[in-house]
Amino acid sequence: MKKIFFFLLIPALMLSAMAHAQDKTRIGLSGSIQGNQFGIMVPIWLGEKFVLAPAIDYSYAEKSGSDIGIGVASRLYLKKETLSPYVGVKAGVLLFRPYFFDESDQKTTVDLLGGVAFGGEYFLSEQFSFGVEIQGNLTKSDEKSYRYGNPGGVIFNLATQVSATIYF
């Protein structure tokens, strides 16, 4: 599990450092809603039309457990205007840790996710935007995971995401 975390964290930190070296790098903070999950992304502009966004999701259900998602998303804007459409790729890891940790029954599960996205971001100003995207996701579930009703299997699903971003 630690290897997966560092696998995603180290490239994100390296890209963040490279982005800081550029003259016109902008970094933002996004809050997103996807179903009943809430997430935070840090979009980093690496060029005129390219964004890389490390992301983390967290949810907790009393007497059930905690769910953590760690990933990275990229966006390639087709045009940069007030309403800017984009295409993107996403990859991540979804970790579920049961509240009652019983060695014989439930253990932490790790699901892997990869997908494509198409969306649009509406820029109210240089510092603030709203976004909506649709996603096609391919998920490889852990053998003990019931997240998608297919333990140990691979599943394709469609999803939507709504976000708001403040840029610095």
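These are my notebook entries on salt bridges in a predicted model.

Entry 1. I searched the whole structure for salt bridges and found six. I looked up three of the pairs in detail, as noted below.

Entry 2. I began with Arg147 and Asp67. Their side chains form a salt bridge, with N to O at 2.7 Å. I placed Arg147 in the loop between β8 (128-140) and β9 (154-167) and Asp67 in strand β5 (residues 65-77), so this contact ties together parts that are 80 residues apart in sequence. I then checked accessibility. Arg147 is partly exposed at a relative accessible area of 25%, whereas Asp67 has 13% and counts as buried.

Entry 3. I returned to Arg147 for a second partner. It also makes a salt bridge with Asp111, and the closest N and O atoms are 2.7 Å apart. Asp111 sits in strand β7, while Arg147 is in the loop between β8 and β9, so I logged this as a link between distant parts of the chain, 36 residues apart. The relative accessible area of Asp111 is 0%, and I noted the residue as buried. Taken together, Asp67, Asp111 and Arg147 are linked in a network of salt bridges.

Entry 4. I looked next at Glu121 and Arg75. The closest N and O atoms of this salt bridge are 3.2 Å apart. Glu121 belongs to strand β7 (residues 109-123) and Arg75 to strand β5, so the pair ties together parts that are 46 residues apart in sequence. For burial, I recorded a relative accessible area of 2% for Glu121, which is buried. Arg75 counts as buried too, at 5% relative accessibility.

Notes. Residues are numbered from 1 along each chain as its sequence is written. This is a predicted model: local features need pLDDT of at least 70, side-chain atom pairs count only at pLDDT 80 or more; totals for chains, interfaces and linings use all residues. Side-chain values use heavy atoms; hydrogens and water are left out. A salt bridge is a side-chain nitrogen of Lys or Arg within 4 Å of a carboxyl oxygen of Asp or Glu. Helices (H or I, at least four residues) and strands (E, at least two) are DSSP runs, numbered from the N terminus. Buried means under 20% relative accessible area, exposed over 50%, partly exposed in between (1.4 Å probe, protein chains only).
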